[in-house]
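Dear colleague,

Please find below the sequence and the structure that I am handing over to you. A summary of what was found follows them.

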Amino acid sequence: MQKKVKVKPNSKQQKIAEQDDGSLTVHLKSPPVDGKANEELIKLLAEKFDVPKSHIMIKSGLTSRQKLIEIDT
């Protein structure tokens with residue numbers, strides 16, 4: 001399954017909001033430095049979709065706020 005994700009780093013609290021078009025907006029506490037925000041994103045999505053972190057991959061947008069995530073369920 002592929003999901004479009006908009007990431008908002010440096011937020012006060014972690015939150016995942018599903019949009020009307022099926023994409024996700026994810027608020028992360030981590031700053032976008034040294035891949036910390038991407039690590040937190042993968043951890044949060046693994047908890048939400050109840051899959052191991054190894055089943056989640058960032059297909060595109062590694063350094064962008066707009067990402068395409070692939071989840072192996």
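Which residues of strand β1 form its covered face, and which form its uncovered one? Before I answer, please note that this is a predicted model.

The covered face of β1, a strand that spans residues 2–8, consists of Lys3, Val5 and Val7. Its uncovered face consists of Gln2, Lys4, Lys6 and Lys8. In a regular strand, side chains alternate between the two faces of the sheet.

Strand β1 has two partners to report. With strand β5 (residues 66–71) the pairing is antiparallel and runs over five bridges. Within that pairing, lysine 4 has leucine 68 of β5 as its bridge partner. With β3, by contrast, β1 runs parallel, and four bridges join the two strands. Here valine 7 has valine 26 of β3 as its bridge partner. Lysine 4 thus belongs to the uncovered face of β1, whereas valine 7 belongs to the covered face.

I turn next to the loop between β3 (24–27) and α1 (36–49), where valine 33 is placed. Serine 30 is found in this loop as well.

Is serine 30 buried or exposed? Serine 30 counts as buried, because its relative accessibility is 16%, and the cut-off for buried is under 20%. The side chain of serine 30 is joined to that of glutamate 40 by a polar contact of 2.4 Å. Leaving aside residues up to four places away in sequence, serine 30 touches Pro9, Asn10, Lys36, Ala37 and Glu40.

Valine 33 has a relative accessibility of 41% and therefore counts as partly exposed. Its C-alpha atom is separated by 9.8 Å from that of proline 9, and the two residues are 24 apart along the chain. Proline 9 is also one of the residues that serine 30 touches.

Finally, I should like to describe the largest pocket. Its volume is about 200 Å³, and 13 residues line it. Of these, Pro32, Asn38, Leu62, Thr63 and Lys67 lie nearest the centre of the pocket. Which element gives the most to this lining? The answer is α1, with three residues. By character, the lining of the largest pocket comprises six nonpolar, four polar and three charged residues.

With kind regards

Notes: Residues numbered from 1 in each chain as written. Predicted model: local features only at pLDDT ≥ 70, side-chain atom pairs only at ≥ 80, totals over all residues. Heavy atoms only, no water. Buried < 20%, exposed > 50% of the residue type's maximum accessible area, 1.4 Å probe, protein only. Polar contact = N/O pair within 3.5 Å; in protein donor to acceptor, adjacent residues only side chain to side chain. Contact = heavy atoms within 4.5 Å. 1 Å grid on protein atoms, 1.4 Å probe; cavity = no way out; pocket = protein on both sides within 12 Å on 5 of 7 lines; lining within 4 Å. Points joined across faces, edges and corners; volume = space filled by probe spheres on them. Nonpolar A, V, L, I, M, F, W, Y, C, P; charged D, E, K, R; others polar. Pairing = 2+ DSSP bridges.
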